[in-house]
Amino acid sequence: TNSRIFFIGNVMIDTLLANRHRFKKPAVWSQLEMEKGNYLVMTLHRPANVDEGSQFKALLEAISESSRGVPVIFPVHPRTRKIIDDLYLVENAKAVITDSGGITEETTVLGVPCITLRNNTERPETITIGTNELIGTDPKNIKPALDKLFSGQWKDGGIPKLWDGGAAERIVEALASQCDKDF
């Protein structure tokens, strides 16, 4: 019944916010003389984008040709190598280009523009409320999205209700309230 369903938030965001103080500059930051807001982060791992060589190459070429000389940092996902566990790069990027649902949530909470190379998402609130835009997997969609970003026309976005780091506490409260009712 509806009396046993509770809207509590997003525990992934709890983890992000609880660990934000641990973000640290990776070695590449100094090695490449990177500056906040002056690079793009790209994360790709979905089979539709990376398993077919010609599609992967076309996406990389479209991003490279449309990035206006802004460096593109590509921490490679475990699907092809090792995933980034240091969100410092995401938090300080001008934008993120991804096909990861989880990163669309992170960029929304961090207020970083996000370009998602997918045809659909299980996280629509990152689009309707957040900083994310779904542009599909066609490489020709990349240039217009990056042009919009570089022209300063990207939406500001907001943070979905209850994405505040308190979801786990609300889960415990909801479970405790149900236990009280059951006894």
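A helix, in the sense used here, is a DSSP run (H or I) of at least four residues, and helices are numbered from the N terminus. I171 is found in one such element, helix α9. The structure is a predicted model. Its protein chain holds 9 helices and 5 strands, and 45% of its 183 residues count as buried.

**Overall architecture**

- Read from the N terminus, the elements of the protein chain follow the order α-α-β-α-α-β-α-β-α-β-α-β-α-α.
- Along the principal axes, the C-alpha atoms of the protein chain fill a box of roughly 65 × 35 × 35 Å.
- The protein chain has an accessible surface of about 10,100 Å², and carbon and sulfur atoms account for 53% of that surface.
- Among contacts in the protein chain between residues at least 6 apart in sequence, 64% join residues that are at least 24 apart.

**The sheet**

- The 5 strands of an open sheet are arranged in the order β2-β1-β3-β4-β5, and their pairing is parallel.
- The edges of this sheet are occupied by β2 (72-73) and β5 (132-134); each has a single partner strand, so one side of each is left without a neighbour in the sheet.
- The parallel pairing of β4 with β5 extends over 3 bridges.
- Within β5, N132 is the residue that stands opposite C114.

**Helix α8 and its buried face**

- The buried residues in α8 are I142, A145, L146, L149 and F150.
- Viewed down the axis of α8, these buried residues fall within an arc of 130°, so they line one face of the helix.
- The cover over the buried residues of α8 includes three strands, β1 (40-43), β3 (95-98) and β4 (114-116), together with the helix α4 (53-66).

**From α8 to α9**

- The loop between α8 (142-150) and α9 (167-182) contains G152.
- Just after α8, this glycine, G152, adopts a positive phi of about 80°.
- G152 is exposed because its relative accessible area is 58%, and the cut-off for that class is over 50%.
- L162 also has its place in the loop between α8 and α9. Although L162 is a residue other than glycine, its phi is positive, near 70°.
- How far apart in space are G152 and A176, C-alpha to C-alpha? The distance is 47 Å, while 24 residues separate G152 and A176 in sequence.

**A nonpolar patch at the surface**

- V11, I171 and L175 make a nonpolar surface patch of about 240 Å².
- Is I171, a member of this patch, buried, exposed or partly exposed? The relative accessibility of I171 is 32%, so I171 counts as partly exposed; this class lies between the limit for buried, under 20%, and the limit for exposed, over 50%.

**An exposed residue before β1**

- E33 has its place in the loop between α2 (27-31) and β1.
- Although E33 is not a glycine, it has a positive phi of about 50°.
- With a relative accessible area of 67%, E33 is exposed.

Terms used
Residues numbered from 1 in each chain as written. Predicted model: local features only at pLDDT ≥ 70, side-chain atom pairs only at ≥ 80, totals over all residues. Heavy atoms only, no water. Helix = DSSP H or I, 4+ residues; strand = E, 2+ residues; numbered from the N terminus. Buried < 20%, exposed > 50% of the residue type's maximum accessible area, 1.4 Å probe, protein only. Arc of directions from axis to C-beta. Contact = heavy atoms within 4.5 Å. Patch = residues over 30% accessible without salt bridge, like charges linked within 9 Å, V, L, I, M, F, W, Y side chains within 5 Å. Areas by Shrake-Rupley, 256 points an atom, 1.4 Å probe, with all protein chains shown as cover. Salt bridge = Lys/Arg side-chain N within 4 Å of Asp/Glu carboxyl O. Pairing = 2+ DSSP bridges.
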